[in-house]
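Got your viewer open? Let's take a walk through this one, a selection at a time.

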Amino acid sequence: QVQLVESGGGLVLTGGSLRLSCAASGRTDSVRDMAWFRQAPGKEREFVAAHSWIASTTVYDNSVKGRFTIFRDDAKNVEYLEMNSLKPEDTAVYYCAAITRQGVGYDVWGQGTQVTVSS
């Protein structure tokens with residue numbers, strides 16, 4: 001089993017930056033893909049960015065493309081989400097998730113970390 005723990009959330013002004021971390025532990029050799037999702041109050045959870053550990057490719061939602069970067073520290077099994085030029089609409093609880101089994105989608109989730117962007 002894989003465990004995920006997020007950190008790095010907080011309060012930032014519009015235009016500011018934050019770096020979220022997602023530390024993976026346990027059977028990390030089973031991880032195929034990791035991603036970040038977010039959920040704003042009263043809204044459904046939405047996809048932000050993903051990083052295939054198999055293909056070493058990344059994909060972003062259009063709303064964050066050019067502002068957010070997803071990347072991994074291979075040695076530490078930590079996945080990061082670097083967020084720049086933050087906007088109030090980026091305010092949400094951010095979750096990291098992993099795919100550990102082919103064909104079942106994101107099957108392991110972290111507990112979430114709050115990001116608040118103040119204008």
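Two strands pair here if DSSP finds at least two bridges between them. Keep that cut-off in mind for the first stop, and remember throughout that this is a predicted model.

**Stop 1: strand 9 and its partners**

Select residues 92-99, which make up strand 9. Which strand pairs with strand 9 through two bridges? That's strand 10, running antiparallel to strand 9, and two bridges are enough to count because the cut-off is at least two. Strand 10 covers residues 108-109, and if you click on A97 you'll find W109 of strand 10 opposite.

Now add residues 33-39, strand 4. Strand 4 and strand 9 are antiparallel too, with seven bridges between them; A35 has A97 as its bridge partner in strand 9. Then bring in residues 113-118, which is strand 11, joined to strand 9 by three bridges, again antiparallel. To find one of these by eye, select Y94 and look across to T113, its bridge partner in strand 11.

Switch on a surface and see how strand 9 fares: seven of its eight residues are buried, so the strand is largely enclosed by the rest of the structure.

**Stop 2: W109**

Stay with strand 10 and show the side chain of W109. Is W109 buried or exposed? Neither, quite: its relative accessibility is 33%, so W109 counts as partly exposed. Leaving aside residues up to four places away in sequence, W109 touches L4, F37, R45, Y95, C96 and A97. There's also a polar atom on the W109 side chain that sits 3.1 Å from the backbone oxygen of Y106. For a long-range pair, draw a C-alpha to C-alpha distance from W109 to V2: you should get 9.2 Å, across 107 residues of sequence.

**Stop 3: R45**

From W109, hop to its contact R45. R45 belongs to the loop between strand 4 and strand 5, the latter spanning 46-52. Its 37% relative accessibility makes R45 partly exposed. With residues up to four places away in sequence left out, its contacts are F37, R38, Q39, Y95 and W109. Try another C-alpha distance, R45 to A92: 9.3 Å, with these positions 47 residues apart along the chain.

**Stop 4: the disulfide**

C96 was on the W109 contact list, so select C96 next, together with C22. They form a disulfide, S to S 2.0 Å, and the structure holds one disulfide. C22 is in strand 3 (18-26) and C96 in strand 9, so the bond ties together parts that are 74 residues apart in sequence. Both cysteines, C22 and C96, are buried. Check the torsion about the S-S bond of C22 and C96 while you're there: about 60 degrees, so this disulfide is right-handed.

**Stop 5: the four-strand sheet**

Follow C22 into strand 3. Strand 3 is part of an open sheet of four strands in the order 1-3-8-7, paired antiparallel. Strand 1 (2-7) and strand 7 (68-73) are at the edges with a single partner strand each, so each has one side without a neighbour in the sheet. From one strand to the next, the twist averages 20 degrees.

Zoom in on strand 3 and strand 8 (78-83), an antiparallel pair joined by six bridges. Here A23 has V78 as its bridge partner in strand 8.

**Stop 6: salt bridges**

How many salt bridges does a search of the whole structure find? Seven. Begin with E82 and R19, whose closest N and O atoms are 2.5 Å apart. E82 is in strand 8 and R19 in strand 3, 63 residues apart. E82 is buried at 17% relative accessible area, whereas R19 is partly exposed at 45%.

Next, select R38 and D90, a salt bridge at 2.9 Å, N to O. R38 lies in strand 4 and D90 in the loop between strand 8 and strand 9, so this pair ties together parts that are 52 residues apart in sequence. R38 is buried at 5% relative accessible area, and D90 is buried at 1%. Add E46 and R67 to the selection, and you have a network of salt bridges linking R38, E46, R67 and D90.

Finish at D107 and R101, another salt bridge, with closest N and O atoms 3.3 Å apart. D107 is partly exposed, with a relative accessible area of 25%.

Definitions and conventions. Residues numbered from 1 in each chain as written. Predicted model: local features only at pLDDT ≥ 70, side-chain atom pairs only at ≥ 80, totals over all residues. Heavy atoms only, no water. Buried < 20%, exposed > 50% of the residue type's maximum accessible area, 1.4 Å probe, protein only. Contact = heavy atoms within 4.5 Å. Polar contact = N/O pair within 3.5 Å; in protein donor to acceptor, adjacent residues only side chain to side chain. Disulfide = S-S within 2.5 Å. Axes fitted to C-alpha atoms, helices over the stretch in contact; angles between N-to-C directions. Salt bridge = Lys/Arg side-chain N within 4 Å of Asp/Glu carboxyl O.
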